[in-house]
Amino acid sequence: MLFLICFVFLLPVLSVQGQSNVGSPYRLWYNKPATSWNEALPIGNGRLAAMVFGGVSGEQLQLNEETVWAGEPGNNIIEGVYDSIRQIRKLLFEGKYKQAQDLSNATFPRQAPKNSNYGMQYQPVGNLSINFPGHDNPAEYRRTLDIQQAVASVQYKIGGVAFTREMFASLADGVVIIRLSADKPHSISCQLAMNTPHKERSIAVENGRLLLKGKTSDSDNKLGKVEFEAVVQAKTEGGKLTTGDTSIQITGADAATVYISIGTNVKNYHDISGDPEAKALGYLSAAIKKEYAAAKAGHTRQYRTYFDRVLLDLGTTDAAQKPTDERVRDFAAGNDPQLVALYFQFGRYLLISGSQPGTQPTNLQGKWNDKMSPPWDSKYTININTEMNYWPAESANLSELHQPLFDMIKDLSVTGRESAQKMYHARGWNAHHNTDLWRITGPVDGGFYGMWPMGGAWLTQHLWQHYLFTGDKAFLQDVYPVLKGAALFYVDALQEEPGHKWLVVAPSMSPENTYQSNVGISAGTTMDNQIVFDVFSNAIRAAAALNQDGAFADTLRTMIAKLPPMQIGQHGQLQEWLQDWDRPDDKHRHISHLYGLFPSNQISPYGNPQLFDAAKTSLVNRGDKSTGWSMGWKVNWWARLQDGNRAYKLISDQLTPAPMEGGGQSGGTYPNLLDAHPPFQIDGNFGCTSGIVEMLLQSQDGALQLLPALPDAWSKGSVKGLVARGGFVVDLNWESGKLRSATIYSKLGGNCRIRAYDPVKGGTGVQLATAAGNNSNPFFAVAAVKQPLLSEKAHLNTPQLRKVYEYDLPTKAGQRYTVSLQ
């Protein structure tokens with residue numbers, strides 16, 4: 001009986017030890033501490049973020065709070081530029097492209113004018129260091145990030161004593177919590193201290209708490225006015241806690257829990273009247289009342305309401321037992337399908353940890369940054385990168401986490417009225433290719449990179465896509481003014497080009513690319529035409545769904561008819577520009593004219609096979625290896641091109657070790673699984689996560705297409721919880737490269753059209769009918785694009801498409817349906 005009682009009481013301990021098994025499918029783990037930021041492990045709760053280094057004698061947590069940005073409120077519109085913009089248009093339509101670029105560069109200098117700015121820097125708070133005297137030469141060291149629990153940990157032994165640290169950024173309590181424990185009483189002794197790179201700062205101990213106060217930097221024409229305060233407080237079990245002028249000392253404790261709370265004076269993009277101390281102490285005072293076990297359980301429970309929605313199993317090999325950095329090193333030459341599943345889930349982990357309702361959206365580095373002047377200022381680059389951050393939000397079943405982006409788009413629809421009116425004399429709103437905490441909407445980085453008035457328009461696609469996935473009409477009603485305002489800008493700003501009398505955006509560019517040496521400014525680029533088509537189409541469909549604004553919708557229909565068609569150039573490529581200027585040897589990282597293939601739905605293998613082939617030619621010409629985010633986008637493109645093996649190759653290219661220092665355009669992955677441009681950018685993580693969904697499930701082309709781009713490397717597997725447009729949640733099982741079964745849960749009801757490469761049959765009570773005509777479900781409307789113009793020199797290939805079988809399944813909201821291979 002005594003043995004049984006002891007065994008029962010040991011069960012929780014055995015369970016915890018079992019969870020530390022390195023073979024867990026949801027763990028990143030390492031057998032040494034991080035020696036650089038690119039090896040540290042990220043934790044976050046949307047508002048706060050930290051990088052955990054896992055040192056033995058000294059732990060470091062590099063800290064961020066999402067509103068710690070340089071500068072102050074205010075837009076960045078350069079006054080008096082309308083006449084120059086009109087002259088640039090004239091030069092473009094006269095074919096004087098170099099002169100147009102020169103005038104754009106003069107109007108918008110490469111360095112910000114004295115009375116303006118090109119956006120502010122996202123900046124760190126500082127670092128918490130925890131020093132452990134005598135902790136040298138550890139045994140059995142292990143550093144772990146459990147992305148199923150959202151907890152980082154460090155374990156090692158010193159002198160026969162097993163030490164454990166657990167760290168997480170609590171979703172439930174709004175603070176970072178660190179737990180220090182050992183298997184021998186009185187073993188926890190350490191010193192807590194803080195530092196920061198900010199020039200205006202103070203560090204002190206007050207009322208037993210360690211305080212770091214600071215103010216952010218001046219930049220361009222703005223003064224640094226963000227004030228922040230970080231508060232650190234420790235609770236000990238046993239032992240002694242003492243304080244110095246700038247540190248806290250713990251001596252001989254059985255265990256200790258350390259809380260980090262951070263507040264700033266930022267209330268929103270135009271109001272910095274908040275109280276940093278009150279905010280920080282408000283979170284701290286509530287969090288510190290909870291016992292550690294309850295705090296951890298509350299955090300994990302809230303986190304797993306998001307994480308557990310999707311399960312992906314691609315199989316497991318012995319390679320999964322190796323440390324994560326070794327798995328990345330060996331992936332290309334080995335057989336480690338589970339690393340892809342881990343990488344997929346790591347992208348979801350980052351979105352959960354970096355983008356919670358009520359917070360700021362994830363920026364170029366998510367929420368994790370240690371530099372005062374980070375690459376590209378760690379702003380919101382909205383000519384691809386910010387959009388890519390949110391590609392997995394709907395399809396990977398994290399729809400609520402899209403909300404911070406929606407909030408920023410609403411802000412931009414206000415500040416963007418200034419750029420629309422002052423720069424273009426247009427109604428509505430717009431933004432260019434960058435924004436920041438202060439919601440700037442003017443050009444950034446001069447007249448080459450910055451003259452692209454399409455950033456806000458692209459962002460609005462996320463509003464419409466959220467509606468297509470959720471069917472939420474209250475949401476659509478709320479954001480309709482934003483959609484209408486984006487369309488209204490182009491109603492006024494579009495120009496008639498002289499050759500074909502098409503309506504085009506001018507001046508603009510195909511993001512960051514050139515067609516002549518140092519010349520990118522242009523009129524009617526393919527990407528611009530595609531985005532305007534979507535902006536107008538979305539506003540028309542939204543007005544119809546809401547039964548309002550019929551006259552405005554008629555105006556947009558008239559203007560859509562005057563937009564340029566897509567064009568297939570002399571090399572069989574989808575043209576990037578209005579003119580046939582593409583070079584087959586161009587390897588530029590941006591392939592913006594393929595926006596119509598993904599994330600849009602304007603290029604279909606079934607509806608537009610010529611465009612489909614031309615898009616493939618463009619993608620082949622650009623090559624595979626590139627920046628991390630570019631390769632992430634290419635995974636999605638190859639999935640849309642139904643080439644699973646090529647998509648998988650891009651994943652393999654991305655899952656190769658990135659150079660630890662320096663920059664370049666080689667892509668790759670750091671030991672901590674973060675994406676490399678290089679340097680670190682988070683967008684590639686989200687791009688690959690989205691691309692993996694696209695390989696398994698697509699819903700943009702009139703139907704739920706099951707396993708549209710399954711690679712040979714994933715011959716057997718399963719996924720649960722992916723989301724399709726129309727509110728369908730899909731589980732899939734496959735073997736030998738063929739679908740075995742699919743279970744579809746209907747949230748909204750309506751027709752579910754199923755497209756598969758093999759015939760399927762309905763389960764018990766499921767009646768499938770062979771599909772006929774257009775899908776009656778309005779969430780699956782296909783894009784009514786014009787027929788492309790074809791160069792006389794072009795040689796096109798007929799796409800070799802696999803035979804598909806299509807079925808219609810009438811569904812009721814709240815019901816589940818299963819189909820299987822015939």
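**Exercise 1. Which residue in E35 is the bridge partner of Lys761? Place the pair in its sheet.**

Solution.
- Start with the pair. Lys761 has Ser820 as its bridge partner in E35. The model is a predicted one.
- Go up to the strands. E31 and strand E35 (residues 815–821) run antiparallel and are joined by three bridges.
- Go up to the sheet. Six strands make an open sheet, ordered E17-E27-E28-E29-E35-E31, and the pairing is antiparallel.
- Find the edges. Strand E17 (311–313) and strand E31 (760–762) each pair on one side only.
- Add the twist. From one strand to the next, it averages 25°.
- Add the helix. Helix H19 (residues 683–696) packs on this sheet and touches E17, strand E27 (717–724) and strand E28 (728–735). The direction of H19 makes about 100° with that of E27.

**Exercise 2. What is the strand order of the sheet of nine strands, and why is one side of each edge strand left without a neighbour?**

Solution.
- Read the order. The open sheet runs E1-E6-E7-E8-E9-E16-E13-E12-E11, with antiparallel pairing.
- Explain the edges. Strand E1 (27–30) and strand E11 (200–206) have a single partner strand each, so one side of each has no neighbour in the sheet.
- Give the twist. The average is 15° from one strand to the next.
- Examine one pair. Six bridges link strand E12 (residues 209–215) and strand E13 (residues 227–237) in the antiparallel sense. Gly214 is opposite Phe228 in E13.
- Place helix H4 (residues 276–287). H4 packs on the sheet and touches E12, E13 and strand E16 (255–264). Its direction makes about 150° with that of E16.
- Place helix H5 (residues 292–307). H5 also packs on the sheet, touching strand E7 (151–158), strand E8 (161–169), strand E9 (176–182) and E16. Its direction makes about 50° with that of E8.

**Exercise 3. Which residues have the most contacts inside the largest nonpolar core? Follow one of them outward.**

Solution.
- Name the core. It has 241 residues. Leu128, Ile147, Tyr490, Phe536, Trp633, Leu696 and Trp714 have the most contacts inside it.
- Find the main contributor. Helix H13 (residues 473–493) supplies the largest share, 13 residues.
- Follow Ile147. Neighbours within four places in sequence aside, Ile147 contacts Tyr26, Leu28, Tyr303, Phe307, Leu342, Gln345, Phe346 and Tyr349.
- Look for another core. One of 13 residues lies apart from the largest, and includes Leu211, Tyr259, Leu284 and Ala295.

**Exercise 4. Is Ser395 buried or exposed?**

Solution.
- Locate the residue. Ser395 is in helix H9 (residues 392–395).
- Apply the cut-off. Buried means under 20% relative accessible area. Ser395 has 7%, so Ser395 is buried.
- List the contacts. Residues up to four places away in sequence are not counted; Ser395 then touches Phe469, Val693, Leu722 and Val723.

**Exercise 5. Why does the radius of gyration of the protein chain agree with that of a compact globule?**

Solution.
- Compare the values. For 822 residues, a compact globule would have a radius of gyration near 28 Å. The protein chain has 27 Å, so the two agree.
- Check the box. Along the principal axes, the C-alpha atoms fill roughly 85 × 70 × 50 Å.
- Check burial. Of the 822 residues, 63% count as buried.
- Check the contacts. Among those with a separation of 6 or more, 69% join residues 24 or more positions apart.
- Check the surface. The protein chain exposes about 28,900 Å², with 49% of it from carbon and sulfur atoms.
- Close with the inventory. The protein chain has 19 helices and 35 strands.

Methods:
Residues are numbered from 1 along each chain as its sequence is written. This is a predicted model: local features need pLDDT of at least 70, side-chain atom pairs count only at pLDDT 80 or more; totals for chains, interfaces and linings use all residues. Side-chain values use heavy atoms; hydrogens and water are left out. Two strands pair if DSSP finds at least two bridges between them. Helices (H or I, at least four residues) and strands (E, at least two) are DSSP runs, numbered from the N terminus. Axes are lines fitted to C-alpha atoms, for helices over the stretch in contact, and angles run from 0 to 180 degrees between N-to-C directions. Contact means heavy atoms within 4.5 Å. The radius of gyration is taken over C-alpha atoms; the globule rule is 2.2 Å times the number of residues to the power 0.38. Buried means under 20% relative accessible area, exposed over 50%, partly exposed in between (1.4 Å probe, protein chains only). Accessible areas come from the Shrake-Rupley method with a 1.4 Å probe; for residues, only the protein chains shown count as cover. A nonpolar core is a set of buried Ala, Val, Leu, Ile, Met, Phe, Trp, Tyr and Cys residues joined through side-chain atoms within 4.5 Å.
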